[in-house]
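Trainee: I've got the sequence and the coordinates open side by side. Please take one helix and walk me slowly through how it sits against the rest of the chain.

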Amino acid sequence: MSKLKRVVKMPVALAKQTSFAPEIRKILEHLVEDPDREGLTRTPERVEKALRLLTSGYRAEVRHVVNDALFRVKYDEMVIVKDIEFFSMCEHHLLPFFGKVHIAYLPKGHVIGLSKIPRIVDVFARRLQIQERMTQEIAQTIQTMIDPAGVGVICEARHLCMMMRGVEKQHSGAVTSAMLGEFRKRKTTRDEFLALTGHSLG
C-alpha cells in the first residue's frame, strides 16, 4: 500500500474501548493528591471524556468526513482556506499545541467542499501528534482525495510543552510547511500562496 493511501486509511484498528478513569485516579494518587476530595471526585471521568474527544481523530475516516463532497468544475485557479484553528496534543508530553493552518490547492477537474477542509484538519489534529507530521498528513490527504495539480499547507502553532516546561518561552512559536506538486516545483505558485497568507519561508 502506498504512503498516500496509508494516510487516508484508518490507523491500526482500535481495541474495544474500556474505561481508563481508574488509571487517572491512580495518577492523581501518584501526584500525592486525594482523589476523594470534593474537587477531584469526578476528575477521572472528566479527564477520560476530554481525552476521548481530543483523540477522536483515531476513530474518524477521511472518506466519511469528506462524504462525497467532491465536485467536477472547470476551475484551475488557486483555492485557499486560511486561518483554520486547531488544537492538538503533543505525543511527547501529552500537552496541547494549538494554532492555525492555511491550505491551498490548484484544482485539476475537481474541487472539494470548503467546509470539508477544516474537518480534514481536525481528523489529524485530534490525535497524538507532532506538528511536522500533522502538516504533511493534511497535505498528502488532500492530494490523494482530489488529485490536484498541487497542494500547499502552512501550520503555525504554539506548544505548551515549550511554554509551561523545558525552555519556558511563552512567546515562541513554530511554523511548518508541506508543498506538493506545483507548490514544490514552481516558485511563483509557492510565493503567491505565501503572500496571500502573509508568510515568508525564505
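Mentor: Let's take helix 9 and work outward from there to the cores and the confidence. First, the ground rules: this is a predicted model, where local features need pLDDT of at least 70, side-chain atom pairs count only at pLDDT 80 or more, and totals for chains, interfaces and linings use all residues. Residues are numbered from 1 along each chain as its sequence is written, and side-chain values use heavy atoms, with hydrogens and water left out.

Helix 9 covers residues 187-197; helices here are DSSP runs of H or I with at least four residues, strands are runs of E with at least two, and both are numbered from the N terminus. Its buried residues are Thr 189, Phe 193, Leu 194 and Thr 197, where buried means under 20% relative accessible area, exposed over 50% and partly exposed in between, with a 1.4 Å probe and protein chains only. Those four sit on the same side of helix 9 because they cover an arc of only 130 degrees around the axis, the arc being that of the directions from the helix axis to the C-beta atoms. Flip to the other side and you'll find Lys 187, Thr 188 and Ala 195 exposed.

What does the buried side pack against? Strand 2, strand 3, strand 6, strand 7 and helix 8 (182-185), with contact meaning heavy atoms within 4.5 Å. Just after the helix, Gly 198 has a positive phi of about 75 degrees.

Now for the cores, each a set of buried Ala, Val, Leu, Ile, Met, Phe, Trp, Tyr and Cys residues joined through side-chain atoms within 4.5 Å. The largest nonpolar core has 34 residues, and Phe 86, Val 101, Ile 103, Tyr 105, Met 134 and Ile 138 touch the most other members. Leu 194 from our helix belongs to a second, separate core of eight residues, which also includes Met 78, Ala 104 and Met 179. Back at Ile 138, leave out residues up to four places away in sequence and it touches Ile 103, Val 121, Phe 124 and Val 153. Phe 124 lies in helix 5 (residues 116-125) and counts as buried because its relative accessibility is 1%.

As for trust, pLDDT is the predictor's confidence in each residue, from 0 to 100. The chain averages 89, and 88% of the residues score at least 70. Residues 1-6 fall below 50, with five contacts in the model beyond near neighbours in sequence. Where pLDDT is low, the predicted coordinates should not be read in detail.
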